[in-house]
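Trainee: I've got a new chain on my screen and no idea where to begin. Can we go through it together?

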Amino acid sequence: MQAVTKFLKTASLAVIVGLMAMNSADAADKLRVAMLVKSLGNGFFEACKEGGLEAANELGNVELIYTGPTAATAEGQIELMNALIAQKVDAIAISANDPNALVPVAKRAAERGIKVISFDSGIASGRLLQLNPSNASLIGQKQVQMALDAVGKEGGEVAILSATAQATNQNIWIAEMKKELAKPEFSSLKLVSTVYGDDQADKSYREAQGLFKSFPNLKAIIAPTSVGIVAAAKAVADQGLIGKVFVTGLGLPSEMKGHVQSGATKSFAIWNPVDLGYTATYAAVQFTKGQLTGKAGEKVPVGRMGTLTIDEKGEAAMAEPFTFDKDNVLKYAKYF
Ligand code: RAM
């Protein structure tokens, strides 16, 4: 009884949106694949969902369950993982809020025969594959280069406005950015602070305002998060700082187009989140077929995205990040 109450409580807390992509097969035979994202209401993950639905439709016989906590916390994701285990889904593709906190629950899922992969933001172990959107050092390099391009040769103070302090992906990219900033070609840029907006628009906005206050000579904010970059650009515009503080980082053309037009942002980058969600879903389904084990060298067919090859860290990476500026942002804003 206690277990039932606990499950019901979890299930009601969890906003589980079941999205069905049906072909001709019976509902009973359908594979159930969960896409568990960092948090709901994030346009980046909405685009991943779109790709996930596309993969589910194309594969046929797959139901995609799109879910995530309301705030980007590991605790919220652990609750949802437990609910998905109780529902006996076939596979879970998770973008994790913490590299370690989700490992035990991922292992529990695996013991029950659920195929777990991570994508976007990985878990350290207990998953069959971590699907990276791109190469981490490229992502780091690109952001530092865009910051220098925006502020010009004379450089100046820059700050990083990240997502949550535990986010696997942002922390890897921040480490890469710091390596870049240590190189002579970027010596004119001085990193003065790293703050966390938790992938929430209001907190990110307040953190940006805090930076303007603490660092009156700030020249650039690098936000390696699609939520943070929009909030930082809005804060720059609202404070009348366009042309004085430049915002760059990772964002969606659909959400950034106005800020590129206003001049708050000169350029930013991202990969295609629809393709990322498509590939993650497609790969998760491949693992349910019983042949793949996640070993280095294994090849995972991923439909229109070709084939992934698993490396010695149990990871695979997709394409290079793409740069957007005033010349192309409108064209891509239609897609993501
Ligand atoms: C946010 C999330 C996500 C990240 C993008 C760039 O939407 O933190 O994990 O990949 O930004």
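Mentor: Sure, let's take it one question at a time. This is a predicted model, so local features need pLDDT of at least 70, side-chain atom pairs count only at pLDDT 80 or more, and totals for chains, interfaces and linings use all residues. Residues are numbered from 1 along each chain as its sequence is written, and side-chain values use heavy atoms, with hydrogens and water left out.

Trainee: Which residues does UniProt give for the feature "domain: Periplasmic binding protein"?

Mentor: That label comes from an unreviewed UniProt entry. UniProt positions are in the numbering used here, feature names are shortened, and annotations may be inferred rather than shown by experiment. The entry places the domain at residues 33-291.

Trainee: How far apart are the end C-alpha atoms of residues 33-291?

Mentor: Start with the make-up of that stretch: 47% helix and 19% strand. Helices (H or I, at least four residues) and strands (E, at least two) are DSSP runs, numbered from the N terminus. The end C-alpha atoms are apart by 17 Å.

Trainee: How many salt bridges does the structure hold?

Mentor: First, what counts: a side-chain nitrogen of Lys or Arg within 4 Å of a carboxyl oxygen of Asp or Glu. One of them joins D198 and K203, at 3.7 Å from N to O. In the whole structure, the number is 10.

Trainee: Why are E46 and K49 separated by about one helical turn?

Mentor: These two form a salt bridge, with their closest N and O atoms 3.2 Å apart. Both sit in helix α2, which covers residues 43-59. They are about one helical turn apart because their spacing along that helix is 3 residues.

Trainee: Is K49 buried or exposed?

Mentor: Here are the cut-offs: buried means under 20% relative accessible area, exposed over 50%, and partly exposed in between (1.4 Å probe, protein chains only). Its partner E46 has 32%, so E46 is partly exposed. K49 has 18%, so K49 is buried.

Trainee: What about the E180 salt bridge: which residue does E180 meet?

Mentor: E180 is buried, at 6% relative accessibility. Its partner is partly exposed, with a relative accessible area of 31%. The N to O distance in this bridge is 2.9 Å, and the partner is K183.

Trainee: Which residues are linked with E54 in a network of salt bridges?

Mentor: Here the links form a network rather than a single pair. The residues joined with E54 are D275 and R304.

Trainee: Which residue's backbone oxygen does the side chain of T279 reach?

Mentor: T279 lies in helix α10, residues 273-287, and is buried with a relative accessible area of 0%. Leaving aside neighbours within four places in sequence, T279 is in contact (heavy atoms within 4.5 Å) with L131, V302, M305, L308 and M318. At 2.6 Å, the side chain of T279 reaches the backbone oxygen of D275.

Trainee: What is the order of the strands in the open sheet?

Mentor: It has 4 strands with parallel pairing, where two strands pair if DSSP finds at least two bridges between them. The edge strands, each pairing on one side only, are β8 (189-196) and β10 (246-249), and the twist averages 25 degrees from one strand to the next. The order is β8-β7-β9-β10.

Trainee: And which residue in β8 is the bridge partner of S162?

Mentor: Strand β7 covers residues 156-162 and pairs with β8 in the parallel sense over 7 bridges. For S162, the bridge partner in β8 is Y196.

Trainee: Which residues does V103 touch, not counting residues up to four places away in sequence?

Mentor: V103 is in helix α4, residues 103-111, and is buried at 11% relative accessible area. V103 and T70 are 33 residues apart along the chain, and their C-alpha atoms are separated by 21 Å. The residues V103 touches are A124 and S125.

Trainee: Last one: what is the phi of K88?

Mentor: Most residues other than glycine have a negative phi. N61, in the loop between α2 and β3 (62-67), has a positive phi of about 65 degrees although it is not a glycine. K88 is in the loop between α3 (74-86) and β4 (91-94) and counts as exposed at 64% relative accessibility. K88 is not a glycine either, and its phi is positive, about 55 degrees.

Key. Polar contact = N/O pair within 3.5 Å; in protein donor to acceptor, adjacent residues only side chain to side chain. Axes fitted to C-alpha atoms, helices over the stretch in contact; angles between N-to-C directions.
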